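Open the structure in a viewer and keep the selection panel at hand. The stops below go from one ligand to the other by way of the core and two helices.

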Amino acid sequence: MVVSRDAIANPWGTRTPYRRGERWPVRVDTHLAAGVSPQQVDAWVQSASILHSNGDGIDIAVKDDRIVGVRGRAVDRVNHGRLGPKDLFGWQANSSPDRLTQPLVRRNGELVETDWDTAMNEVVAQSKTLLNEQGPSAIGFYTSGQLFLEEYYTLGVIAHGAIGTNHLDGNTRLCTATAAQALKESFGCDGQPGSYTDIDHAEVIALFGHNMAETQPVLWTRILDRLAGQDPPAIVCVDPRPTPVAWHATVHLAPLPGTNVALMNGLLHEIIAHDWVDHDYIDAHAVGFDELVARVRGYPPERVARICGVDADELRRAAALLGTTQRLVSTVLQGFYQSHQATAAAVQVNNIHIVRGMLGKPGGGVLQMNGQPTAQNTRECGADGDLAGFRNWANDTHVAGLAALWNLDVDQIPHYGPPTHAMQMFRYAEQGSLRMLWISATNPAVSLPELARIRAILSQDRLFVVVQDVFLTETAALADVVLPAATWGEKTGTFTNVDRTVHLSDKAVRPPGQARADLDIFLDFARRMDFRDRDGKPLPPWTDAESAFEAWKKCSAGRPCDYTGITYAKLRGGSGIQWPCSTDHPDGTERLYADGRFCSAPDYCESYGKDLLTGTPVGPTEYRALNPFGKAIIKAADYRPAHEQPDADYPFALITGRTLYHFHTRTKTARAPQLQAAAPQVWVEIAATDAEQAGIGEGDLVDVSSPRGAVRAQARVSAIRPGVLFVPFHYGYWDAGNDEIAQHDRAGNELTATEWDPASKQPIFKTAAARIRRITAGDGTPAPAPTTTASAPVDTTIEPTVGDATARTTEEVQQGPR
Ligand SMILES: Nc1nc2c(c(=O)[nH]1)N[C@H]1C(S)=C(S)[C@@H](COP(=O)(O)OP(=O)(O)OC[C@H]3O[C@@H](n4cnc5c(=O)[nH]c(N)nc54)[C@H](O)[C@@H]3O)O[C@H]1N2
Ligand SMILES: Nc1nc2c(c(=O)[nH]1)N[C@H]1C(S)=C(S)[C@@H](COP(=O)(O)OP(=O)(O)OC[C@H]3O[C@@H](n4cnc5c(=O)[nH]c(N)nc54)[C@H](O)[C@@H]3O)O[C@H]1N2
Ligand SMILES: [Mo]
């Protein structure tokens with residue numbers, strides 16, 4: 001049956017209940033441009049979603065060489081046909097009239113249009129001069145979690161191989177550096193142990209600092225459908241905001257921001273005190289348990305309750321749920337990753353799964369989530385401060401293997417220290433040793449912390465900035481050369497989601513004007529630079545997406561992320577394949593570590609790990625002594641308070657994050673009318689008691705300030721934890737308009753600090769101190785924040801967020817075999 005739905009008002013759609021162990025039913029969601037019927041579509045082109053990390057299978061509807069809509073892929077293992085609001089509406093940005101269609105270069109201070117030869121020759125001239133005068137370390141690349149695998153691998157070969165610079169990282173540093181680090185610390189290597197199908201088997205699902213309902217709405221729909229079934233799982237939510245996840249939680253713990261390690265130690269204290277521990281599993285498969293026992297002894301529930309500001313009995317209830325179930329799925333995301341003890345906290349979630357023996361079996365899995373659609377590939381391909389194929393920079397044999405593969409001298413690949421992390425790259429640029437920064441598919445002038453500083457760095461004369469983007473962003477406006485890129489739907493490539501599912505995304509339409517695929521831009525640069533391998537052959541040798549993919553397969557061979565069994569042909573028509581996929585596993589691998597054997601053997605592991613408190617790398621000798629047989633590693637950590645604590649001047653804890661309807665700096669979602677209308681302008685969330693004390697009412701214009709800067713916004717009085725303010729970080733300046741707010745700063749990152757987790761180097765967006773002051777009373781209009789999400793108002797008389805006629809989508813529930 002086909003039904004129509006307003007996907008803004010009702011973002012999760014109709015329930016299709018199912019029971020534990022059953023197959024999640026199919027529901028196909030479709031949205032087509034006004035006036036286009038399915039029969040009028042010329043072609044449906046296979047792809048997957050790119051405005052989050054879930055990897056929902058999508059078919060792109062094409063008519064007259066234009067994208068006219070999307071439909072969820074019923075056969076896809078990830079979404080079984082469903083799509084979220086950003087998937088349903090976001091594609092409209094592709095044909096926005098303000099796309100970049102020509103390269104730009106700076107002349108007399110202004111960016112002016114030019115041709116590709118002029119722009120690329122300028123980049124090449126700069127690169128050659130810097131290489132001659134200063135050497136490879138003068139050049140840095142800051143890329144993304146939103147390009148395709150083939151593009152990252154190519155960029156990795158160019159940076160680490162052809163140029164030989166250590167300065168290559170992604171915005172994945174801001175996003176999933178902690179996911180990768182936590183997996184390396186516990187299991188020796190990146191790679192998600194669990195699978196989305198674990199949701200189908202779970203009895204308890206715990207979400208740690210993860211607003212899945214808004215950030216992976218289709219995965220949340222899977223949980224909602226289990227909750228609507230006959231044997232619903234219990235939900236544990238750890239989040240200071242009343243997220244839609246919290247609405248459905250059996251236990252909702254709302255800790256003070258920045259206290260995650262104390263909370264985790266409290267949970268582990270209870271699990272160990274009650275001996276809800278799988279001692280056989282630990283004896284056979286793990287090291288480090290005794291240290292954990294000793295460390296969490298100091299975290300009885302009453303003490304933890306005081307630190308975190310939660311109820312001790314609620315903490316006990318949560319621990320009992322986690323400790324007594326035989327089917328536990330945990331997810332972790334930015335509430336943990338963007339905090340000061342990020343890796344330490346995320347590792348404690350792994351520890352729960354290790355001590356409970358809850359890994360590698362149906363309904364026993366941990367998902368250290370990704371955020372961006374292709375972040376996993378940035379990591380695999382070594383475009384993120386790692387070496388390609390999850391190779392260990394500190395293992396000479398691994399580096400030699402890479403040199404052989406690329407046919408280069410081993411010394412050409414920098415491995416004197418870990419690849420430079422993004423925050424350090426910006427510091428080098430600030431200090432003047434990094435002289436050229438090539439930024440692709442990221443908008444740091446809105447997304448990095450402490451924006452006043454970032455703008456100053458990017459505006460320096462001595463720094464040559466190249467920006468490769470789809471639109472003239474806040475960052476592109478500061479560039480010396482702007483390269484117009486083709487994007488999703490306009491180029492072919494593969495990418496991998498959270499649960500290791502590889503999808504193919506085929507080219508559906510031609511890019512606008514002279515815009516070119518990122519792969520072609522990188523290859524063009526390599527040819528113009530005349531990069532060669534040891535035998536004088538062009539480096540990289542490949543010429544298009546498929547040949548790049550075939551080259552990547554060789555790089556992945558024998559590594560944990562083995563792609564050798566995957567081809568474009570095998571991905572076409574299908575539903576996505578989970579790596580590793582090789583002759584041993586021709587159909588891919590649902591769960592890692594089913595046999596209790598980890599990727600942590602000293603000669604095989606991606607990393608020897610780090611000290612969680614200081615970030616000091618563990619040396620090979622020490623690692624061998626700790627873990628000679630490649631077991632899972634239980635690492636304990638003490639709680640340390642965040643550096644910036646609320647005080648008399650700045651009495652609130654400030655957190656930043658997302659809303660359902662926007663993606664990051666909104667370059668795409670603000671150009672999709674339905675999404676933009678649902679959340680048109682920045683706001684700040686404040687608890688009712690705090691609002692009353694400060695004399696602030698719903699919709700009042702307020703000023704939120706931190707030691708770094710100020711933001712002007714309308715206040716949303718919500719059920720957020722008292723003492724905490726929340727600002728969405730989506731709103732930059734390019735479409736600011738003329739209202740009162742736009743006259744001032746409105747980007748959340750005006751407020752955040754330059755600081756990072758010592759182990760993962762992920763910047764901290766979720767602990768800061770701030771104050772709030774009313775500027776003027778509102779005129780009775782509520783804050784421009786959605787009512788359907790964590791930003792729901794306490795005043796229930798406020799008009800609910802709905803879509804207009806163009807927000808109607810269809811859904812078709814298919815009654816299949818269970
Ligand atoms: N709609 C939408 N979806 C997206 C994106 C988007 O921009 N918009 N971006 C994608 C990307 S790249 C990412 S990384 C993911 C991020 O997805 P999420 O991590 O789910 O999103 P956030 O809103 O950044 O943060 C999640 C929650 O952390 C909570 N939090 C803050 N401080 C703390 C703390 O100290 N402890 C705990 N336990 N929780 C805390 C916040 O209240 C918030 O609800 O979303 C992906 N999906
Ligand atoms: N305060 C605060 N700050 C945060 C966060 C937070 O929670 N709070 N979250 C952090 C996180 S997790 C993330 S992931 C970052 C995201 O931060 P950014 O990466 O800066 O955000 P996006 O808006 O996704 O920027 C991606 C850019 O790539 C362009 N683009 C899209 N597709 C293509 C393509 O195919 N090719 C090219 N060349 N360009 C393309 C888009 O137009 C856009 O300008 O923000 C981080 N910053
Ligand atoms: Mo992210």
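A polar contact here is a pair of N or O atoms within 3.5 Å. With that cut-off in mind, note also that the model is predicted.

**Stop 1: ligand 2**

Select ligand 2 and show the residues around it. There are 34 of these, and Q146, N171, S447, D469 and T665 come nearest. Start with S447: an N or O atom in its side chain is 2.6 Å from an oxygen atom of ligand 2. Next, label H664, where the distance from a side-chain N or O atom to an oxygen atom of the ligand is 2.8 Å. For K766, the corresponding side-chain distance to a ligand oxygen is 3.2 Å. On its own, ligand 2 has 920 Å² of accessible area, and the protein covers 99% of that.

**Stop 2: the nonpolar cores**

Which residues have the most contacts inside the largest nonpolar core? Select Y153, F208, L322, W438 and F525 to see them; the core has 180 residues. Helix α3, residues 149-163, supplies the largest share of this core, with nine residues. A second core, separate from it, has 26 residues, including F652, W683, A691 and I741.

Now isolate W438. Leaving aside residues up to four places away in sequence, W438 touches M120, V123, G140, F141, Y142, V466, Q468, L483, I521, F522 and F525.

**Stop 3: helix α21**

Three of those contacts of W438, namely I521, F522 and F525, are also on the list of buried residues in α21. Select residues 518-529 to display this helix of twelve residues. From first C-alpha to last, α21 reaches 17 Å, close to the 16 Å expected at 1.5 Å a residue.

Is α21 largely enclosed or open? It is largely enclosed by the rest of the structure, because nine of its twelve residues are buried. To colour them, pick D518, L519, I521, F522, L523, D524, F525, A526 and M529. Then add the elements that cover these buried residues: among them are α2 (116-133), α3, β16 (436-440), β17 (464-469), β18 (481-484) and α22 (545-556). Just after the helix comes D530, which has a positive phi, near 55 degrees.

**Stop 4: Q216 and helix α7**

Move to Q216, in the loop between α6 (212-215) and α7 (217-227). Q216 is buried, with a relative accessible area of 2%; the cut-off for buried is under 20%. Its side chain makes a polar contact of 2.7 Å with the side chain of H210. Apart from residues up to four places away in sequence, Q216 touches S53, N54, H210, L333, M369 and N370.

Extend the selection into α7. Ten of the eleven residues of this helix are buried, so α7 is largely enclosed by the rest of the structure. The buried ones are P217, V218, L219, W220, T221, R222, I223, L224, D225 and R226.

**Stop 5: ligand 1**

Finish at ligand 1, which has 32 residues around it; T215, D239, Q334, R658 and H662 come nearest. Three contacts are worth displaying here:

- R658: a polar side-chain atom lies 2.7 Å from an oxygen atom of ligand 1.
- N211: a polar backbone atom is 2.9 Å from an oxygen atom of ligand 1.
- N260: an N or O atom in the side chain is 2.9 Å from a nitrogen atom of ligand 1.

How much of the accessible area of ligand 1 does the protein cover? The protein covers 100% of the 910 Å² that ligand 1 has on its own.

Note on methods
Residues are numbered from 1 along each chain as its sequence is written. Chains are lettered from A and ligands numbered from 1 in the order in which they are written. This is a predicted model: local features need pLDDT of at least 70, side-chain atom pairs count only at pLDDT 80 or more; totals for chains, interfaces and linings use all residues. Side-chain values use heavy atoms; hydrogens and water are left out. A nonpolar core is a set of buried Ala, Val, Leu, Ile, Met, Phe, Trp, Tyr and Cys residues joined through side-chain atoms within 4.5 Å. Buried means under 20% relative accessible area, exposed over 50%, partly exposed in between (1.4 Å probe, protein chains only). Helices (H or I, at least four residues) and strands (E, at least two) are DSSP runs, numbered from the N terminus. Contact means heavy atoms within 4.5 Å. A residue is near a molecule or strand if one of its heavy atoms lies within 4 Å of it. A polar contact is a pair of N or O atoms within 3.5 Å; within protein, one must be able to donate a hydrogen and the other to accept it, and residues adjacent in sequence count only if both atoms are side-chain atoms. Accessible areas come from the Shrake-Rupley method with a 1.4 Å probe; for residues, only the protein chains shown count as cover. The expected span of a helix is 1.5 Å times one less than its number of residues.
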